[in-house]
Amino acid sequence: MAHRPSKKFKKILLGASAVLLLAALNAPAAVSFVEEKYHAYKIAQPAYMREYGSWAEVPVPAGHRVNAIHAALLHTGKVLLIAGSGNSQKNFDAGTFESVLWDPVKNTFKKIPTPEDFFCSGHSQLPDGRLLVAGGTARYEILDGEVKKAGGGMRVKNESPDEAVTLKKGTVFRSPSGVEYVSKFDVTVPKAKREFEISYFKSGQMKPWETKVTAAEARVFVEAREEGPQALTTEAAQYEVVGLKGEAADNVYGLAQKLTTEKQDFQGIKGAYEFDPRAEKYIPVAPMKDARWYPTLVTLADGRVLAVSGLNDVGDVVPGDNEYYDPGTKKWSKGPFRYFPTYPSLFLTKGGKLLYTGSNAGYGPADKGREPGIWDLEKNSFTKLGGLTRPDQLETSASLLLPPAQDQKVMVLGGGGVGESAKSTGRTSIIDLSKDSPAFADGPSLPQGTRYLSGVLMPDDSVFTTGGSEDYRGRGGSDILKAQFYDPANNAFTEAAEPTVGRNYHSEALLLPDGRVATFGSDPLFDDKDNTKLGTFEQRIEVFTPPYLHRAGDDRPVLGEGSPELDQNGRATFKTKDASRIVKARLMRPSAVTHTTDVEQRSIELGLLKGQDGITLTVDVPQDRTLVPPGWYMLFVTDLDGIPSEAKWIQVE
């Protein structure tokens, strides 16, 4: 019996005939058309998807599209997308701050009331599953040439040891020459510190008690009442607080060194909140001691969180004043003093020290705080680490604690020059912290120079990397529509299916509990190669389905009933009909990512015990909390073919 062509095959032939006719009329356009059609056909083939994976766009209702500046996976399985003002001065001025909660299973979206502008805040997973969000935006930047009124930081002094003083927004500071400046925010200055001293006469007799008073100080940003050169100054001076009388006028005054019309940077807030995944709302906690914009928050072995760096309330990089958050008391305390540029990548290592890879997101001088090293928090000592190729191109680079975490290997990928530099590198470097004298060594190169690369740890111990751009914020149409897998065991990259949505600045990617990867955001300067059309924020969500899910079909290992908590021995037992095929288990900490900075995600190798009944499986979690910080984790088990289960959530206390 002769084989008859299908309707689909006939359509392909007709389409090909039409393409040939078009090619005769307009060869370049036809070639492009043919390539696009063939590519679409190729990537839709099952064999292709089993090898490279596939991408699909998630439909987002118009009322829930958001400028995703931050993304965090919660232990409910939902993803919190935080925009705040979303890098929009208009939204900021209107007080329009947004967060959206996405349920990847039901594909539902919910708007979350957002009390402050969390744009460019920091975040960290807490032991009880809440998400700590701290810092954000108090004031948007004003670029060079656009600043009309002189402004800058005013140090407000209080010499009264009897009471603190609060100066409201709009307080006027008057210079010795009569020029007036207005405060842009409320500021509270603590009372001065009174110390009692005993001194002695030369004869050895004791003098009466003497009192020493040390003035307290706070900062506030001020702006000249009027435009004009008369308000410009680069000389230190003392400023009268208009309206204060008597002793208050003597005790409270301003000091400023530099009030100019130079570029004014973003300014941070002190506000801190916990997002409750069950109640699905933000709950205020004590504010930080320092305002922070672009800070890193990193969870420590005891469950506390360390907040590091950021721009403060006058737009300067916090000079080194770091602070701890205690989730038990919900208060902040002084941390070890050390300077870092904004959004530094800091990883908790075995033993409790922090590794600073040098990756950061931008603000700060090129020659300060950018060298990688090991930070001992208890001693506040910093040991520099060498071997990193192109250390001048660490800004906007990605950093990862490679799987499994027990190996203590950390990888740095890509990056660019400081600021708006066009430089970018495809360099990767790996450091093995288990060695006596660790140093970075070059790994395999990325396909091209890449800034803003997203890197995601996968349940099969691979690392999925995607997106980024070759130039600053995608200039010149330089978004990279490529993805790849890194295999730590073989120290090599392999190709993955190409995304269809470009991702550069303000983009994120994270692992979902079903084993897929979701990508969000992107904030290009321009929307065209010629840099003539101002960029628009990318609000589409695109999800990558890895090859292992295409290979698995409906036949994935399944974990059944079991406890979400560990017993006293750090173990949890689950029922499963797939016990015989399961060969490894991983505990994976959920991401909280922004600006290519994700210091939360880590993958821990677990011990695996199979019950004699053939239907139970016990996982054994390491007791070392410097390796497994307290919190909620996804538990994945994987079979011999590298196919993972869907995740079960487990709490490590």
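**Exercise 1. Describe the lining of the second largest pocket in this predicted model.**

Start with the term: on a 1 Å grid over the protein atoms alone, a pocket is an open set of points where a 1.4 Å probe fits, with protein on both sides within 12 Å along at least five of seven lines, and lining residues have an atom within 4 Å of a point. Under that rule 29 residues line the second largest pocket, and R219, K270, K289, A291 and D313 are those nearest its centre. Two or more lining residues come from each of β8 (137–139), β13 (187–189), β16 (216–224), β19 (267–268) and β25 (331–334), where strands are DSSP runs of E with at least two residues, numbered from the N terminus. Among these, β16 contributes the most, namely six residues. Sorted by class, the lining holds 14 charged, ten nonpolar and five polar residues, with Asp, Glu, Lys and Arg counted as charged, Ala, Val, Leu, Ile, Met, Phe, Trp, Tyr, Cys and Pro as nonpolar, and the others, Gly among them, as polar. The space in this pocket is about 830 Å³, a volume being the space filled by probe spheres set on the grid points, which are joined across faces, edges and corners.

Residues are numbered from 1 along each chain as its sequence is written. Because the model is predicted, local features need pLDDT of at least 70 and side-chain atom pairs count only at pLDDT 80 or more, whereas totals for chains, interfaces and linings use all residues, and side-chain values use heavy atoms, with hydrogens and water left out.

**Exercise 2. Place S359 and A47 in the fold, and decide for each whether the residue is buried, partly exposed or exposed.**

Begin with S359, which sits in the loop between β27 (354–356) and β28 (373–376). Its relative accessible area is 0%, so S359 is buried (under 20% is buried, over 50% exposed, and partly exposed in between, with a 1.4 Å probe and protein chains only). Leaving aside residues up to four places away in sequence, S359 touches Y343, P344, S345, L394, S397, A398, S399 and V412, a contact being heavy atoms within 4.5 Å.

Turn next to A47, which belongs to helix α3 (residues 46–52), helices being DSSP runs of H or I with at least four residues. With a relative accessible area of 48%, A47 is partly exposed. Although 503 residues separate A47 from H550 in sequence, their C-alpha atoms are 8.9 Å apart in space.
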